Amino acid sequence: MLACGVVGLLLALSGCDVALYHDLTERRANEAMLLLRESGLHADKQQEQRGSSSHASSFALVVPRAEESRALQLLAQRGLPRVLPRPLATAGRFLGMPLSGEAHAESTFARELSLSDTLESLPAVEEAHVHLAMPEPEPLSPLGQLRPTAAVLLKLRAPLPITSAQVAELVARAVPGLDAADVAVVSAPLPAVVPATAAAATAATSLPSWLLPLLISLLVLLGGACVALLTALRRRSLPSAPASLPPGSASFVSGTPAALQRR
């Protein structure tokens, strides 16, 4: 009875859902959920915290426990879900107000996120990362004010309908003092995702190198055992040879005693 209860508990636990990521925006959760569903997995999102005027809603990405490893592998291949970086810590705040350097960093961070969202609105762009190098004003520096620069990384699901120069111009127009010549744009296609069924078929067909010799040896042993068994059965089915006649019984001919034949 106890064993049945333990087995039932294990089966129930194996069928539960497990949360892969927490504290995701709805957009990031939808991106990861769509990828997993297109790959044949049963993914879903669950709201963890309802949004308000000060913050957006947060979601968790969940999958069945049996599909957890495969889901993590697929998400790692595509770099999903995109977890947005946090702005710098607020340890340097004075009376709750950010200091000049911290305010500058937060402003740069917010501009990077805004530009990334703008580039991701293009149909061919799956993921965009914008990094801005915005030097703080230093009027007393003998070298003068350093020029801002930017780097853009685009992960594409299809060929980009605009040129890299146009992307650089778009970023430069959104950042004061940034020239398009100081914007580096790099694009790369997304890696191909193997569906779950195809991955399972590939894993089944790709056998280890030691398995084939082992199977051949087992087949040879099985064949030898079958031959020995058939030989033993044939020997048992053959009629046994007649036993040797006792002395004095040689006078019997065709089942008639010799004395009756003389008469």
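Confidence comes first: this is a predicted model, with a mean pLDDT of 76 for the chain and 66% of its residues at 70 or more. Helix 5 (residues 164–174) is a good place to start looking, as its mean pLDDT of 96 is the highest among the elements of the chain. From there, the strands on either side of the crossover come into view.

**Confidence along the chain**
- At the other end of the scale from helix 5 is helix 1 (residues 2–14), with the lowest mean pLDDT among the elements, 43.
- Residues 88–96 stay under 50 in pLDDT, and the model gives them twelve contacts beyond four places in sequence.
- Residues 250–255 also stay under 50, with five such contacts in the model.

**Helix 5**
- Val167, Ala168, Val171 and Ala172 are the buried residues to look for here.
- Viewed down the helix axis, the buried residues fall within an arc of 130 degrees, so they line one face of helix 5.
- Ala165 and Arg173 are exposed, on the face turned away from that buried side.

**Strand 5 and its neighbours**
- In a regular strand, side chains alternate between the two faces of the sheet.
- Strand 5 (residues 149–156) has Ala150, Val152, Leu154 and Leu156 on its covered face, while Thr149, Ala151, Leu153 and Lys155 make up the uncovered one.
- Strand 4 (residues 125–133) pairs with strand 5 in the antiparallel sense over eight bridges, and histidine 129 stands opposite leucine 153.
- Strand 6 (residues 183–189) runs parallel to strand 5, joined by seven bridges, with lysine 155 opposite alanine 188.
- From strand 5 the chain passes through helix 5 to strand 6, making a right-handed β-α-β crossover.

Methods
Residues numbered from 1 in each chain as written. Predicted model: local features only at pLDDT ≥ 70, side-chain atom pairs only at ≥ 80, totals over all residues. Heavy atoms only, no water. Buried < 20%, exposed > 50% of the residue type's maximum accessible area, 1.4 Å probe, protein only. Helix = DSSP H or I, 4+ residues; strand = E, 2+ residues; numbered from the N terminus. Arc of directions from axis to C-beta. Pairing = 2+ DSSP bridges. Right-handed = clockwise from strand over helix to strand, strands pointing away. pLDDT = per-residue confidence, 0-100. Contact = heavy atoms within 4.5 Å.
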